[in-house]
Amino acid sequence: METEWECMDCGYLHEGKSPPHRCPDCGSVDAWEKVEYVDDWDDEELEDEEELQAEEYSD
Ligand SMILES: [Zn+2]
């Protein structure tokens with residue numbers, strides 16, 4: 001899963017394991033903050049699918 005980094009100066013988003021030294025948008029150096037993703041919705045979708053399958057089988 002890719003990590004996202006947000007430039008604290010301009011809000012530019014960079015996707016990757018590590019951000020570039022300099023922000024390509026505003027030129028700020030080391031202004032990155034890691035964007036933490038809560039992938040709860042992903043799990044929920046999976047659970048829904050499993051529930052649907054379970055319903056099919058139980059009928
Ligand atoms: Zn920037």
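**View 1. Confidence along the predicted chain, from strand S1 to helix H1****.** This is a predicted model. Confidence peaks in strand S1, residues 4-7, with a mean pLDDT of 96. It is lowest in helix H1, residues 40-58, where the mean is 64. Averaged over the protein chain, pLDDT is 82. Of the residues, 61% score at least 70.

**View 2. The protein chain holds one helix and three strands****.** Read from the N terminus, the elements follow the order β-β-β-α. The chain has 59 residues, and 8% of them are buried. Take the contacts between residues at least 6 apart in sequence: 29% of these join residues at least 24 apart.

**View 3. Three strands form an open sheet in the order S2-S1-S3****.** The pairing is antiparallel. S2 and S3 are the edge strands, each with a single partner, so one side of each has no neighbour in the sheet. On average, neighbouring strands are turned by 30° against each other, direction ignored. S1 pairs with S2 over three bridges. With S3, strand S1 pairs over four bridges.

**View 4. S1 and S2 make a hairpin****.** Five residues lie between the two strands. Gly-11 sits in the turn and has a positive phi of about 85°. Two residue pairs mark the register of the strands. Trp-5 stands opposite His-14 in S2. Glu-6 has Leu-13 of S2 as its bridge partner.

**View 5. Side chains alternate along S1****.** Trp-5 and Cys-7 point to one face of the strand, and both are buried. Glu-4 and Glu-6 point to the other face and are not buried. Trp-5 can be followed into both neighbouring strands. Its position in S2 is opposite His-14. In S3, the bridge partner of Trp-5 is Lys-34.

**View 6. Lys-34 on strand S3****.** Is Lys-34 buried or exposed? Lys-34 counts as exposed because just 11 C-beta neighbours lie inside 10 Å, and the cut-off for exposed is 12 or fewer. Leaving aside neighbours within four places in sequence, Lys-34 is in contact with Thr-3 and Trp-5. Trp-5 is also the residue that bridges to Lys-34. His-14 lies 20 residues from Lys-34 along the chain, and their C-alpha atoms are separated by 9.6 Å.

**View 7. Asp-30 in the loop between S2 and S3****.** The loop links strand S2, residues 13-15, and strand S3, residues 32-35. What is the phi of Asp-30? The angle is positive, about 55°, although Asp-30 is not a glycine. Most residues other than glycine have a negative phi. Asp-30 is exposed, because it has 10 other C-beta atoms within 10 Å and the exposed class takes in residues with 12 or fewer.

Key: Residues are numbered from 1 along each chain as its sequence is written. This is a predicted model: local features need pLDDT of at least 70, side-chain atom pairs count only at pLDDT 80 or more; totals for chains, interfaces and linings use all residues. pLDDT is the predictor's confidence in each residue, from 0 to 100. A residue is buried if 20 or more other C-beta atoms lie within 10 Å of its own, exposed if 12 or fewer, and partly exposed in between; C-beta atoms are placed from the backbone. Two strands pair if DSSP finds at least two bridges between them. Two residues are in contact if their C-beta atoms, placed from the backbone, lie within 7 Å. Axes are lines fitted to C-alpha atoms, for helices over the stretch in contact, and angles run from 0 to 180 degrees between N-to-C directions.
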